[in-house]
Structures are given as C-alpha cells and as structure tokens.
Amino acid sequence: MIDANPPARPPVARLLRIGDVAPDFQARTTLGQVRLGDYRGKWLVFFSHPADFTPVCTSEFVAIARAAEAFAALDCGLLGLSVDSLYSHLAWVRAIRDRFGVTIPFPIVEDPSMVVGRAYGMIEPDAADSSAVRVTYFIDPDGVIRAMTWYPLNVGRSVDEMLRMVAALQRTSRDDVLAPEGWRPGDDLLMTPPQDQRPVLAGDDPHWFHQTRSDAG
C-alpha cells in the first residue's frame, strides 16, 4: 500500500496500464481518511485535477457533483485528488458551495507529497506540481484498472462521457459483447467476431466481422 506521507521521495513507479491492479493507498480527504481498498466490490472513478481554485477544475467538480446520483445509480464511487493540502480542498469546497449552490459529495484526496499522483502516473516524475495533468482511472470491483483518460490543463473532461464509459465497461463485463462507437444503455451491441477462419469460411455472411445484437440487459 502506498504511504501518502513518505519520509523521502519514493522511486519512480512505472506507468500504469489497463489491466493493472490499482495501487492501494490511505490518505486524508475532505470526508475523512480513505483507503482505496475500501472501494472493492464496486466500480470507482478516481481522477486527478491540477489545482484547487482553478477555472476548468471548478467547472469539472461542479458538473461531477451534479451527476453524483447518476454515478451512484451505476454503483460507482467517485474519488478526486490533487497535490493541494486538505485545508485548500476544504476552502475550495466551501467556495464552490457558496458560488454555485453545489455541495461536493465525494472525497477529495490531499497529496502534497505527490506520492499517490506519481504512483498513478498523474504527475510527471520530475514535475514540481501536477498542473499539466488531469487523469481519470476507471477501476472495477476487483480493483483492476479497466480504462483511463488523459486531458491537458486547458481542456475539461466530459462528465457525460465518464458516465458512458462506466456503463459500457459494466455492460461488456457481464457478457461476451462489444460496445460500438457512442454506445449507450439500450443501444445495440456488437458480437465478438470468430477467432479463427473456420466459421468465417463455412458461413456465407460477408459481414461476419460486424454483427450486432440487441441489448437485452
């Protein structure tokens, strides 16, 4: 498990990949102590933001907070992180509530040592801060990273796409199916194509590589 307050700078971790187990850690957050392992058994969207009190990050957090019930309906937790201190997070949460009338319902991890961010590849190994990175990890109930997205400092994430990603990952986890471009719950799914030439040559369908089926749930 990652020590969120190490005595010295840890060695640089390799970049995480899809299929890796998300590194465990325990840290202070705006809603008390949180351990990543506590989210086992449900889906989790774990995301970093460059800094508190910044325009794009504020727009993201307001939108994510407003969509919290939609994530909860997917049995998906939310967990934010930045290098700012807990007290900066608390002041920002208060400012968001006062300015937008929105209460942030999910924890925001403090990471002033940058050890969690570096372990997750959210921060470049030699960076003095995390201002150039906004990363999102989609973690399944077994703690495995199933998808990730990277956005630059000047472009905010789409909360709608975050929800779509969770729904698509959940649906394709239940059955041997594929989610096509722009797929949403209820849309047709794609069938997994044959893995060798025998069924392809034996059949007479020239579109064997793109077969759809209805989403029966």
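On helix 3, the exposed residues on one side are Y87, D98 and R99, opposite the buried ones. Before I go on, please keep in mind that this is a predicted model.

So, helix 3 itself. The helix covers residues 86-100, which is 15 residues. At 1.5 Å a residue these should span 21 Å, and the end C-alpha atoms are 21 Å apart, so the expected and the computed length agree.

Which residues of helix 3 are buried? They are L86, H89, W92, V93 and I96. Looking down the helix axis, these buried residues fall within an arc of 120°, so they line one face of helix 3. The general background is that an α-helix has 3.6 residues a turn, so residues three or four places apart point the same way.

What do the buried residues of helix 3 pack against? Their partners are strand 2 (25-29), helix 1 (55-66), strand 5 (76-82) and strand 6 (108-110). After helix 3 comes G101, with a positive phi near 70°.

Strand 2 is one of those partners, and I will stay with it for a moment. F25, A27 and T29 make up the covered face of strand 2, while Q26 and R28 make up the uncovered one. In general, side chains in a regular strand alternate between the two faces of the sheet. A hairpin of 2 residues connects strand 2 to strand 3. Strand 3 is residues 32-35, and the two strands pair in the antiparallel sense over 4 bridges. Within that pairing, R28 has Q33 of strand 3 as its bridge partner.

Next, another sheet. Strands 9, 10 and 11 form an open sheet in the order 9-10-11, with antiparallel pairing. Its edges are strand 9 (177-178) and strand 11 (212-213), each of which pairs on one side only. Strand 9 pairs with strand 10, residues 189-191, over 2 bridges. L178 has L190 in strand 10 as its bridge partner.

Last, a single residue: T136, in strand 7, which runs over residues 134-139. Is T136 buried or exposed? T136 has a relative accessible area of 0%, and buried means under 20%, so T136 counts as buried. What surrounds it? Setting aside neighbours within four places in sequence, T136 is in contact with V45, F46, F47, A147, M148, T149, R157 and M162. With R157 there is also a polar contact between the two side chains, at 3.0 Å.

That is the end of my part.

Terms used:
Residues are numbered from 1 along each chain as its sequence is written. This is a predicted model: local features need pLDDT of at least 70, side-chain atom pairs count only at pLDDT 80 or more; totals for chains, interfaces and linings use all residues. Side-chain values use heavy atoms; hydrogens and water are left out. The expected span of a helix is 1.5 Å times one less than its number of residues. Buried means under 20% relative accessible area, exposed over 50%, partly exposed in between (1.4 Å probe, protein chains only). The arc is that of the directions from the helix axis to the C-beta atoms. Contact means heavy atoms within 4.5 Å. Two strands pair if DSSP finds at least two bridges between them. A polar contact is a pair of N or O atoms within 3.5 Å; within protein, one must be able to donate a hydrogen and the other to accept it, and residues adjacent in sequence count only if both atoms are side-chain atoms.
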